[in-house]
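The following exercises concern the structure shown below. Each task is followed by a solution that proceeds step by step.

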Amino acid sequence: MENKRCFPNRFSDYKGNLVAGQGREPGAPLVVSTVERILGELPAQGGQEGGLYGGLAGVAYMLYHVSQCPLFSAHRDSYLRRAASIIESCVLHYDREQDRETRASFLLGGAGVYAVAALIYKALGLSDFSRVLARFRALGDVCVPLGFLECGSDELFVGRSGYLCAALVMRQKLGIEVLTAAQIRSVCHAILESGKQYSKKKRKPFPLMYSYYGTEYLGAAHGLSSVLQMLLSYQEYLQPAERDLVWQSVDFLVNQEQNCNWPPELGEVIERENELVHWCHGAPGIAYLFAKAYLLSKKPCYLDTCIRCGELTWEKGLLKKGPGICHGVAGSAYVFLLLYRLTGNSKYMYRAQRFAEFLSSEEFRVGSHTLESIYSLYEGLSGTICFLVDLLQPNQAEFPLFSIFV
């Protein structure tokens, strides 16, 4: 029976050789031409309201990311200047935003825009850098109250975990801790307290759980895995007893695995013919939590879990929903770059190369879904560009705005 979600993977697996013709020389022109295509697709007006996920701010991040790769040094200044003009319009949009909760949102609002603006302004040496950092810091007070969002206050896109994630990106890219230790502790405490209260109220057999719009998601987009990933990323700010709760919850999530995958929500049974194998829901996103757990603990069981995620992604990751990183082929391929960094095994570079090759195939062009915003970071080509750049620098490769090597 034909799989509705993915193309069949007809590639033979790694036999000891990488894919010919996918090195730096042929790869760089493809990146440049696709960047030009994206810039040509941008709307004449509007697009600031989509945040980093679907709006123009994601394009600005992509231009920043390409500009930081030495292979594109000839384009560095022009890409950064274009990124600055795009992100400035987005900053102005969120400066005017009346809803404080929207301003505090990472992927769908202002916090992420301010964070990316800081990266771009710093790269250009602009004094606006300090202004957007101050704007970002001020948002910490918004997300500390336990129930600051009725839909769920802790997840990645709009909640507290996203705010911490944005700060983590700046720590990594700028080399500074943007938030004070007291701010970080207060946000982490709110996440922990919220998770404990929800778990107790719903009588869960594990210490931390969360919901978003009434659904107990597990995946990276809105679920438990990215919340725990952020708590692990800031575990030096937690008390020993709090760390224990986080690690107990990580191990609980390991045990929710169903044949190398995780259901979108707690308690679901996966239907194999219709399972989600996406960054947003399923193994390709949950893998990052276990990668972080492995980097911190060095326990082989977490790496083994990541490897199983990679095997499923090789089988079912040629997704029909497009080229993007949220639920598209590039998001799948990033799992192989993650595993390459964790293991040094060239098999994973080969697999990433094969997925990149598939993005240019006629089968993908004809059979994948049409994109509404071809330029977006998470669903469109801007995220794909980030992947193609990282394929050329695999030792620095990382899923956009989702730092674990920090």
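Contact means heavy atoms within 4.5 Å. The model is a predicted one, in which local features need pLDDT of at least 70 and side-chain atom pairs count only at pLDDT 80 or more, while totals for chains, interfaces and linings use all residues. Residues are numbered from 1 along each chain as its sequence is written, and side-chain values use heavy atoms, with hydrogens and water left out.

**Exercise 1. Gly195 and Leu245**

Task: Determine where Gly195 lies, whether Gly195 is buried or exposed, and which residues Gly195 touches beyond four places in sequence.

Solution.
Step 1. Gly195 belongs to helix 10, residues 181–201. Helices are DSSP runs (H or I, at least four residues; strands are E runs of at least two), numbered from the N terminus.
Step 2. With a relative accessibility of 0%, Gly195 is buried. Buried means under 20% relative accessible area, exposed over 50%, and partly exposed in between (1.4 Å probe, protein chains only).
Step 3. Not counting residues up to four places away in sequence, Gly195 touches Pro207, Leu208, Met209 and Tyr210.
Step 4. The C-alpha atom of Gly195 is separated by 34 Å from that of His65, 130 residues apart along the chain.

Task: Carry out the corresponding analysis for Leu245.

Solution.
Step 1. Leu245 is placed in helix 12.
Step 2. The relative accessible area of Leu245 is 19%, so this residue counts as buried.
Step 3. Residues up to four places away being left out, the contacts of Leu245 are Lys196, Pro207 and Leu208. Pro207 and Leu208 are thus touched by Gly195 and also by Leu245.
Step 4. Between the C-alpha atoms of Leu245 and Tyr212, 33 residues apart along the chain, the separation is 21 Å.

**Exercise 2. Tyr378**

Task: Describe the setting of Tyr378 and list its contacts beyond four places in sequence.

Solution.
Step 1. Tyr378 sits in the loop between helix 17 and helix 18 (381–392).
Step 2. Despite this loop position, Tyr378 counts as buried, at 1% relative accessibility.
Step 3. Apart from neighbours within four places in sequence, Tyr378 is in contact with Leu52, Tyr53, Leu107, Trp279, Gly324, Ile325, Cys326, Phe399, Pro400 and Leu401.
Step 4. Leu156 is 222 residues from Tyr378 in sequence, and the two are 14 Å apart in space, C-alpha to C-alpha.

**Exercise 3. Salt bridges**

Task: State how many salt bridges the structure holds, and examine individual pairs.

Solution.
Step 1. A salt bridge is a side-chain nitrogen of Lys or Arg within 4 Å of a carboxyl oxygen of Asp or Glu. The structure holds 19 of them.
Step 2. One pair is Glu363 with Arg10, at 2.7 Å, N to O. Glu363 is in helix 17 (residues 362–367) and Arg10 in the segment before helix 1 (24–41), so this pair ties together parts that are 353 residues apart in sequence. Glu363 is partly exposed at 31%, whereas Arg10 is exposed at 61%.
Step 3. Arg272 and Glu275 form another pair, at 2.5 Å, N to O. Arg272 is partly exposed, with 28% relative accessibility, whereas Glu275 is buried at 7%.
Step 4. Glu311 pairs with Lys347 at 3.7 Å, N to O. Because Glu311 lies in helix 14 (residues 300–316) and Lys347 in helix 16 (residues 346–359), the pair ties together parts that are 36 residues apart in sequence. Glu311 is partly exposed, at 31% relative accessibility.
Step 5. Salt bridges with shared partners also join Glu88, Asp95, Asp128, Arg131 and Arg135 into one network.

**Exercise 4. The loop between helix 12 and helix 13**

Task: Locate Asn259 and Glu273, and describe the backbone angle of Asn259.

Solution.
Step 1. Asn259 is in the loop between helix 12 and helix 13; Glu273 lies in the loop between helix 12 (240–254) and helix 13 (283–297).
Step 2. Most residues other than glycine have a negative phi. The phi of Asn259, however, is positive, near 55 degrees. Asn259 is exposed, at 53% relative accessibility.
Step 3. A positive phi also occurs at Lys298, near 60 degrees, in the loop between helix 13 and helix 14.
Step 4. Glu273 is partly exposed, at 42% relative accessible area.
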